[in-house]
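Let us take a walk through this protein together, one region at a time. Please have a look at the sequence and the 3D view first.

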Amino acid sequence: MFIDNQQNTEYNIMSGEVDILENDVREKYPHILEILLLDHTTKKNIIWATDNYKHLGKDYDYNSQILPNLITGVNGEIIMPRASKNKLIQQSRVRDMAEVFTPSWICNAQNNLIDNAWFGYENVFNIEMTNSNGSNIWQTKADKIVFPKDKTWQDYIKETRLEITCGEAPYLASRYDTTTGVFIPVENRIGLLDRKMRIINENVETIEDWLEATELAFKNIYAYEWHGDSLLLAREALLFTFIENHVFKFDKEPTISSIKKIANIISWNAWQMDGLKGVVPNSCSEIIQEIPVLFEETKTIKTPCEGCIKNNIKKHNGIYCIIMDWVKNDEIKYINLLK
């Protein structure tokens, strides 16, 4: 919940489009959905990595790829934000995968701690408050953000941020509260990417400079997620954060070429991964070997994944995830970044 600086009233109803429909994306932005479904590690599409959709057929099995035709057309409303999901599905994902979504006010409070340390003073972007009914809210500060003497706005957008097990990425892009479904207007958002975008909006005037700074901001936010549906929602939220900020700043949508460029960055920086293993979900396996023995017989030897047995992230036989090092413009394994 938040306070509107213009009306000084509390928003408690949906005031914008929360659910991004894949049919709309495919129709309005050609080829963008295909980019958002890419898995750069496997060179295929991201997988469902959940059994929530298997009743729809074999194409929706756990290890099946999420293909555009499976989530568009008559299937256009299959993937929904958590707030719109059936309560039983929500509960099963909490039980089976410890999937818990964080209210926006908590995301805001924790993101504020990061900025308090970086800026060296408190209440940089907003002021946290408690409503009369005990609910937590925030009030966005309208004044232009002031930077410390030894830091610039360019330094801020180049700061690298990672949201682990991101779900729908509420710590990065707060288009809506993932627990309630309440839409949050651009000027009141509190995600780490939202804050970078506010800084850019306040300090850049031309579209060319804005696009250059925005590309840099997107290259410096990362996120990973297990479930394919949540990952797609996260990627869509990041993309529409770009589109909505362009509209907010310039009163028009960006070109399709600009959208494609940002979508490609997002498809690299928000990736599908088992965060405990550093591999594509469910890609570790038991290796089966047939060893010849006497009298032309064979013996079957089953070797489990060493990394899974020893809980060693460096020893898995699954598919290790790759991400992009945008400074070197080169692919690297995520686990190579771990010390």
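The paragraphs below go from the whole chain to its core, its helices and its charged pairs.

A word before we start: what you see is a predicted model. The chain has 339 residues, and buried residues make up 51% of them. Its secondary structure comes to 10 helices and 12 strands. The exposed surface of the chain is about 17100 Å², and carbon and sulfur atoms supply 52% of that area. How do contacts run along the chain? Among those between residues at least 6 apart in sequence, 66% join residues at least 24 apart.

Now let us turn to the inside. In soluble globular proteins, nonpolar side chains tend to be buried together. In this model the largest nonpolar core holds 76 residues, and Ile32, Ile200, Phe218, Leu238 and Leu239 touch the most other members. Which helix gives the largest share of this core? That is helix H8 (residues 228-250), with 11 residues. Pick out Ile200 for a closer look: leaving aside neighbours within four places in sequence, Ile200 is in contact with Trp153, Ile157, Trp210, Ala213, Thr214 and Ala217. There is also a second, separate core of 5 residues, and its members include Cys107, Trp138, Tyr171 and Ile190.

Helix H8 deserves a stop of its own. Of its 23 residues, 20 are buried, so the helix is largely enclosed by the rest of the structure. The end C-alpha atoms of H8 are 33 Å apart, in agreement with the 33 Å that its 23 residues should span at 1.5 Å a residue. Right behind H8 comes Asp251, with a positive phi near 60 degrees.

Helix H4 (residues 104-119) can be followed in a similar way. H4 has 16 residues, and the 22 Å from its first C-alpha to its last is close to the 22 Å expected. Its buried residues include Cys107, Asn111, Trp118 and Phe119. What covers the buried residues of H4? The cover includes strand E4 (126-130), strand E5 (136-140), helix H5 (153-158), strand E6 (161-163) and helix H6 (192-203). Just after H4 you will find Gly120, where phi is positive at about 85 degrees.

Next, the charged side chains. Side chains of opposite charge can pair when their charged atoms come close. A search of the whole structure finds 13 salt bridges. One of them joins Glu34 and Arg26, with the closest N and O atoms 3.4 Å apart. Glu34 is partly exposed, with a relative accessible area of 28%, and Arg26 is partly exposed too, at 36%.

Glu215 has a salt bridge with Lys219, where the closest N and O atoms are 3.0 Å apart. Both residues lie in helix H7 (residues 207-219), 4 residues apart, which is about one turn of the helix. Are these two buried or exposed? Glu215 is buried, and Lys219 is buried as well. Glu215 also meets the side chain of Lys261 in a salt bridge of 3.9 Å, N to O. This pair links distant parts of the chain, as Lys261 sits in helix H9 (residues 256-269) and Glu215 in H7, 46 residues apart. Lys261 counts as partly exposed, at 48% relative accessibility. Elsewhere, salt bridges that share partners join Arg175, Arg189 and Glu244 into one network.

Between H7 and strand E7 (221-225) there is a loop, and Asn220 has its place there. Asn220 is buried, with a relative accessible area of 13%. Not counting residues up to four places away in sequence, Asn220 touches Ile157, Lys158, Glu159, Thr160, Arg161, Lys196 and Asn269. The C-alpha atoms of Asn220 and Leu162 are separated by 8.4 Å, while the two residues are 58 apart along the chain.

Our last stop is the cysteines. A disulfide is a covalent bond between the sulfur atoms of two cysteines. How many disulfides does this model have? The count comes to 0. Take Cys305: the closest cysteine sulfur, in Cys308, is 3.6 Å from its own sulfur, too far for a bond. Cys305 is buried, with a relative accessible area of 5%, and Cys166 counts as buried at 3% relative accessibility.

Terms used
Residues are numbered from 1 along each chain as its sequence is written. This is a predicted model: local features need pLDDT of at least 70, side-chain atom pairs count only at pLDDT 80 or more; totals for chains, interfaces and linings use all residues. Side-chain values use heavy atoms; hydrogens and water are left out. A salt bridge is a side-chain nitrogen of Lys or Arg within 4 Å of a carboxyl oxygen of Asp or Glu. Buried means under 20% relative accessible area, exposed over 50%, partly exposed in between (1.4 Å probe, protein chains only). Helices (H or I, at least four residues) and strands (E, at least two) are DSSP runs, numbered from the N terminus. Contact means heavy atoms within 4.5 Å. Accessible areas come from the Shrake-Rupley method with a 1.4 Å probe; for residues, only the protein chains shown count as cover. A disulfide is a pair of cysteine sulfur atoms within 2.5 Å. The expected span of a helix is 1.5 Å times one less than its number of residues. A nonpolar core is a set of buried Ala, Val, Leu, Ile, Met, Phe, Trp, Tyr and Cys residues joined through side-chain atoms within 4.5 Å.
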